[in-house]
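Work through the exercises below with the structure open. Try each task before you read its solution.

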Amino acid sequence: MPSHPIGRRFNKRSTLGATGVIVCTFVYFLLFAQFALLHRIEELDAEKEWLQPVMLLMGIGGLLGSFVAWKLYRITRYRFLLGASFFLCSVLAFISSMTNRLEVFVGVGFGVGLFLGMLTVFVVPTLRLTISASKIGLWSGVGTGLAYFFSNLPWVFQMSPAMQCAFCGIVGLLGLFLVGTLPRDAMESFEEPVPGSENGKSFFGPTLVLFFFLVWLDSAAFYVIQETDSLKAAAWGTPNRLWGNGLFHLFFGVVSGVMIDRGRLIGVLTIAMLFLVGGSLWLTGGYRDVAWLGAVFYVSGVSLYSTGLVASIAKQGEMQGQWPMAKRAALLFALAGWVSSGMGIGMARDLGTIPYLFLLVALAACLGVNLWLARLVRRTAA
């Protein structure tokens, strides 16, 4: 497929603005949707009766939001869609910081899923519009790594749930401001993807399978850590651990982005799977005295695959014979985000641990995907 230069230069302002959008999106997701909102409900509901309905509605809202975003997305209104999503997410965070009525959180949970689901889908094509295709991986890694870094800052992590909710409301408004710095006249870039086996048009299916198992495992591990005092202390129990987690997240986010720019997405996801499986075994295998080492593997694997989740579709861009970027992003975040996350949390909640059988299945899926891709590459080369 020939290149079609648009005659528009990517500049530092659009690149930094788009990177900031990634940071705000991930901070909101990590600190509010996964953490502060749930802890705010626990703070008001000692029996945790409202927690499961809110999480269920958030997942339903996320699925719906992903597909609504695909239907709504148009290049000509990408700034409006991004800005509106940030604004609505911000409003819900501020409401959560102020209300003490548990029934309100039912609507908040659904709304967070809906608008955050839309926001994550809208971010993907925005990267292709505002960042040079050859650097999408790098800047996605910087943005993802910084989001994890900021979320692990001791003074942020140790805020009360209400304060964290208000902080995430401010993050949403900052995201809205950064959207205003993006170019109004962005046109889609039809640059050829950077050479690399996983950039071919047939490889969306295999990568979707890998992301599905990675998010499933990550969600299960996060739940087990949260519900086990000794593991929680080992993972983020002291300021030094939090600083260490943030730095590891940032470092491996950037490493992941550089590898993706060099056409090594599947290699990144394979390493992430090995790190997550190794970290899970270490954390749940009785090595409590040195559980922090399992946490290092865990956080490193999370940053590796999270950068790929943000960058992989934008890196490909729009290609003949493929679904549009927004549709692929909707499917990716719906299945390998909301569905697999719910399955991971449900598995960990019901079993209280991560079964060794599941770890074997995840490794087998990873091996199968690599063999699947090797066959596709041979077929493409033939």
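**Exercise 1. A residue in helix 1**

Decide whether alanine 36 is buried or exposed, and find what surrounds it.

Solution. Start with the area. Alanine 36 has a relative accessible area of 0%, so it is buried. Keep in mind that this is a predicted model. Next, place the residue: alanine 36 sits in helix 1. Now list its contacts, leaving aside neighbours within four places in sequence. Alanine 36 is in contact with Leu31, Pro161, Gln164 and Cys165. Finally, check a distance. Alanine 36 and methionine 163 are 127 residues apart in sequence, yet their C-alpha atoms are 8.6 Å apart in space.

**Exercise 2. The chain as a whole**

State how many helices and strands the chain has, and what share of its residues is buried.

Solution. Count the elements. The chain has 14 helices and zero strands. Read from the N terminus, the order is α-α-α-α-α-α-α-α-α-α-α-α-α-α. Then turn to burial: 56% of the 382 residues count as buried. Look at the contacts next. Among contacts with a separation of 6 or more, 85% join residues 24 or more positions apart. Last, take the surface. The accessible surface comes to about 16100 Å², and carbon and sulfur atoms hold 68% of that.

**Exercise 3. Helix 7 and its packing**

Test the length of helix 7 against the expected span, then find which helices its buried residues pack against.

Solution. Helix 7 covers residues 161–179. Its 19 residues should span 27 Å at 1.5 Å a residue. The end C-alpha atoms are 27 Å apart, so the two values agree. Now pick out the buried positions. They are Pro161, Gln164, Cys165, Cys168, Gly169, Val171, Gly172, Gly175, Leu178 and Val179. These buried residues pack against helix 1 (12–44), helix 3 (78–98) and helix 6 (154–157). Pro161, Gln164 and Cys165 also appear among the contacts of alanine 36.

**Exercise 4. Leucine 176 and threonine 181**

Classify leucine 176 and threonine 181 by relative accessible area, and give their contacts.

Solution. Take leucine 176 first. This residue lies in helix 7. Its relative accessible area is 33%, so leucine 176 is partly exposed. Beyond neighbours within four places in sequence, leucine 176 is in contact with Gly83, Phe86 and Phe87. Leucine 88 is 88 residues away in sequence, with its C-alpha 10.0 Å from that of leucine 176.

Move on to threonine 181. Its place is the loop between helix 7 and helix 8 (204–227). The cut-off for buried is under 20%. At 16%, threonine 181 is therefore buried. With neighbours within four places set aside, threonine 181 is in contact with Arg13, Gly17 and Arg79.

**Exercise 5. Glycine 111 in helix 4**

Find what glycine 111 touches, not counting residues up to four places away in sequence.

Solution. Locate glycine 111 in helix 4 (residues 102–130). Its relative accessibility is 7%, so glycine 111 counts as buried. Then read its partners: glycine 111 touches Leu92 and Leu116. For leucine 92, which is 19 residues away along the chain, the C-alpha separation is 7.4 Å.

**Exercise 6. Helix 5 against helix 10**

Work out how enclosed helix 5 is, and how helix 5 and helix 10 are oriented to each other.

Solution. Begin with the span. Helix 5 (residues 136–151) has 16 residues and reaches 22 Å from first C-alpha to last, close to the 22 Å expected. Twelve of those 16 residues are buried, so helix 5 is largely enclosed by the rest of the structure. Among them are Gly137, Gly141, Gly143 and Gly145.

Now compare axes. Two packed helices are described by the angle and the distance between their axes. The axes of helix 5 and helix 10 (residues 239–261) come within 7 Å and cross at roughly 170°. Angles over 145 degrees count as roughly antiparallel. Helix 5 and helix 10 are therefore roughly antiparallel. By class, their contact has twelve nonpolar, seven polar and one charged residues. Participants include Leu138, Val142 and Phe149 in helix 5, and Trp243, Leu250 and Asp261 in helix 10.

One more residue of helix 10 is serine 256. Its relative accessible area is 0%, so serine 256 is buried. Outside its neighbours within four places in sequence, serine 256 is in contact with Val268, Ser303, Leu304, Thr307 and Gly308.

Note on methods
Residues numbered from 1 in each chain as written. Predicted model: local features only at pLDDT ≥ 70, side-chain atom pairs only at ≥ 80, totals over all residues. Heavy atoms only, no water. Helix = DSSP H or I, 4+ residues; strand = E, 2+ residues; numbered from the N terminus. Expected span 1.5 Å × (residues − 1). Buried < 20%, exposed > 50% of the residue type's maximum accessible area, 1.4 Å probe, protein only. Contact = heavy atoms within 4.5 Å. Areas by Shrake-Rupley, 256 points an atom, 1.4 Å probe, with all protein chains shown as cover. Axes fitted to C-alpha atoms, helices over the stretch in contact; angles between N-to-C directions. Parallel < 35°, antiparallel > 145°, perpendicular 65-115°, else oblique. Nonpolar A, V, L, I, M, F, W, Y, C, P; charged D, E, K, R; others polar.
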